[in-house]
Amino acid sequence: MQIEINDTGRGNRIEIADGVSRTGNLRIVITGNDNHLRIGADTKLASGLIEIRNHHSVIDIGTSCVIAGTLRLRADATRLEIGDETTMMGAHITLHEAGTIRLGRDCMLSGNILMDVSDMHSILEAETGRRINPPEDIEIGDHVWIAQGVQVLKGSRIGDNCVIGARALVRGDLPAGSLAAGSPARVLRSGITWDRQRLPWT
């Protein structure tokens with residue numbers, strides 16, 4: 001199936017490696033200038049949207065990924081990195097202000113997942129008018145499983161091998177090897193990892 005690309009900007013660099021395929025209704029739209037989109041070999045693009053509506057920004061998707069959902073860069077100097085073999089079945093990842101969201105290798109994201117480096121609107125100190133809610137980067141390590149309906153707030157850092165339970169609200173740091181759930185998410189168990197296969201119960 002042909003990959004639909006609508007690039008109306010100038011100086012954009014689009015690199016789509018061999019073996020990339022579209023298995024659903026996914027569109028790529030770039031309306032800004034001097035951006036870079038790279039999609040690694042053997043990645044499958046399912047339903048959704050990859051959009052860059054700004055300038056001097058990067059989306060870098062690794063090899064052998066499965067991408068379903070919305071990847072949307074809406075401010076200059078934004079960066080989204082997705083590691084090799086990471087899969088997502090309906091994540092909505094947006095950057096409304098300058099910053100970086102980085103997902104590690106072999107992560108597994110379920111549906112209705114939200115993350116953004118911004119609150120999208122300004123919170124001001126009443127006396128001075130000074131804005132008090134700046135954007136903050138999001139860092140997600142390798143081999144992280146994020147379950148259905150999770151929201152990852154700006155400034156969050158999730159360590160390697162974590163599992164985030166359904167509908168959790170993540171804010172702040174979660175150490176590597178944590179099972180976390182709740183709103184706000186808290187560590188329920190440490191020293192865990194996980195497997196994509198449903199292994200026999202023993």
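**Sheet.** I started with the strand order in this predicted model. Eight strands make up an open sheet, running β2-β5-β7-β9-β11-β14-β17-β20, and the pairing is parallel. I then looked for the edges: they are β2 (13-16) and β20 (173-174), each of which pairs on one side only.

**One strand pair up close.** I picked β11 and β14 from that order. Strand β11 covers residues 99-103 and strand β14 covers residues 138-140; they run parallel and are joined by three bridges. For L103, I noted I140 in β14 as the bridge partner.

**R27.** Next I looked up where R27 sits, and found it in strand β4, residues 26-30. Is R27 buried or exposed? Neither label fits, because its relative accessibility is 37%, so I wrote it down as partly exposed. Setting aside neighbours within four places in sequence, I listed its contacts as E4, G48, L49 and I50. I also checked R27 against A181: they lie 154 residues apart in sequence, and their C-alpha atoms are 33 Å apart in space.

**Cysteines.** How many disulfides does the whole structure hold? My search came back with zero. C65 is in no disulfide, and the nearest cysteine sulfur, in C107, is 9.5 Å away. C65 is buried, with a relative accessible area of 1%. Why does C162 have no bond to C107? Its sulfur has that of C107 as the closest cysteine sulfur, but the distance is 9.9 Å, which is too far for a bond, given that a disulfide needs the sulfur atoms within 2.5 Å. I logged C162 as buried too, because its relative accessibility is 0%, and the cut-off for buried is under 20%.

Notes. Residues are numbered from 1 along each chain as its sequence is written. This is a predicted model: local features need pLDDT of at least 70, side-chain atom pairs count only at pLDDT 80 or more; totals for chains, interfaces and linings use all residues. Side-chain values use heavy atoms; hydrogens and water are left out. Two strands pair if DSSP finds at least two bridges between them. Helices (H or I, at least four residues) and strands (E, at least two) are DSSP runs, numbered from the N terminus. Buried means under 20% relative accessible area, exposed over 50%, partly exposed in between (1.4 Å probe, protein chains only). Contact means heavy atoms within 4.5 Å.
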